[in-house]
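Biologist: Please take a close look at the pockets of this model, and at what lines them. Then add the salt bridges.

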Amino acid sequence: MEYKDTPWKDILIDTRDYTVYRDKYPVTEGHILFVPKEQTFEAIQKCYKAAYGWGYEWVQKGYCDAYNIGQNVGTEAGQTISYPHLHLIPRRKGDMEDPRGGVRHVIPEMGKY
């Protein structure tokens with residue numbers, strides 16, 4: 001799959017290196033995707049750097065209390081679109097009864113330890 005063939009349409013920001021889209025099926029309000037324009041390690045690194053910066057700014061401005069950054073790589077990891085993309089998911093107090101374990105909840109029984 002090429003960048004031009006990606007299915008996302010709701011653009012928030014378009015840069016030289018990546019595009020930021022609203023997630024079509026958001027986990028929380030504000031869930032967004034960072035999609036590199038090239039399928040290279042360097043391009044996804046730029047997405048991670050940008051996502052971290054956005055998340056940090058969100059917390060500083062009070063938009064959310066915390067955030068998750070994640071990427072599904074491969075079918076067994078839950079990837080449904082075969083083009084690299086990164087999720088930035090804002091988290092707020094009370095959006096989950098017990099958030100401990102964070103991304104470990106992708107396998108529900110492993111979230112609590």
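Modeller: Pockets come first, then the charged pairs. Bear in mind that this is a predicted model.

Start with the largest pocket. Its volume is about 490 Å³. The lining comprises 17 residues. Closest to the pocket centre are Asn68, Ile89, Gly102, Val103 and Val106. Two strands contribute here: strand 4, residues 66–70, and strand 5, residues 86–91. Each of them supplies at least two lining residues. By class, the lining of the largest pocket holds eight polar, seven nonpolar and two charged residues.

Now the second largest pocket. About 390 Å³ of space lies in it. Here 18 residues form the lining. Trp8, Asp23, Lys24, Tyr25 and Ile81 sit closest to the centre. The class split for this lining is seven nonpolar, six polar and five charged.

Next, the charged pairs. Side chains of opposite charge can pair when their charged atoms come close. Across the whole structure, a search finds eight salt bridges. Three of these are worth going through.

Take Lys4 and Asp5. They form a salt bridge, with 3.4 Å between the closest N and O atoms. Lys4 has a relative accessibility of 67%, so it counts as exposed. Asp5 is at 41%, so it counts as partly exposed.

Arg22 and Asp10 make another salt bridge, at 3.2 Å from N to O. This pair links distant parts of the chain, 12 residues apart. Arg22 belongs to strand 2, residues 18–22. Asp10 lies in the segment before strand 1, which covers 11–14. Both partners fall in the intermediate class for accessibility. Arg22 is partly exposed because its relative accessibility is 42%. Asp10 is partly exposed too, because its value is 39%.

The third pair is Arg16 with Asp17. Their closest N and O atoms are 3.7 Å apart. The cut-off for a salt bridge is 4 Å, so this pair qualifies. Arg16 is exposed, with a relative accessible area of 73%. Asp17 has 22%. Buried means under 20%, so Asp17 counts as partly exposed. This pair also has a further partner. Arg16, Asp17 and Lys46 are linked in a network of salt bridges.

Definitions and conventions
Residues are numbered from 1 along each chain as its sequence is written. This is a predicted model: local features need pLDDT of at least 70, side-chain atom pairs count only at pLDDT 80 or more; totals for chains, interfaces and linings use all residues. Side-chain values use heavy atoms; hydrogens and water are left out. On a 1 Å grid over the protein atoms alone, a cavity is a set of points where a 1.4 Å probe fits but cannot get out, and a pocket is an open set with protein on both sides within 12 Å along at least five of seven lines; lining residues have an atom within 4 Å of a point. Grid points are joined across faces, edges and corners, and a volume is the space filled by probe spheres set on the points. Helices (H or I, at least four residues) and strands (E, at least two) are DSSP runs, numbered from the N terminus. Ala, Val, Leu, Ile, Met, Phe, Trp, Tyr, Cys and Pro count as nonpolar, Asp, Glu, Lys and Arg as charged, and the others, Gly among them, as polar. A salt bridge is a side-chain nitrogen of Lys or Arg within 4 Å of a carboxyl oxygen of Asp or Glu. Buried means under 20% relative accessible area, exposed over 50%, partly exposed in between (1.4 Å probe, protein chains only).
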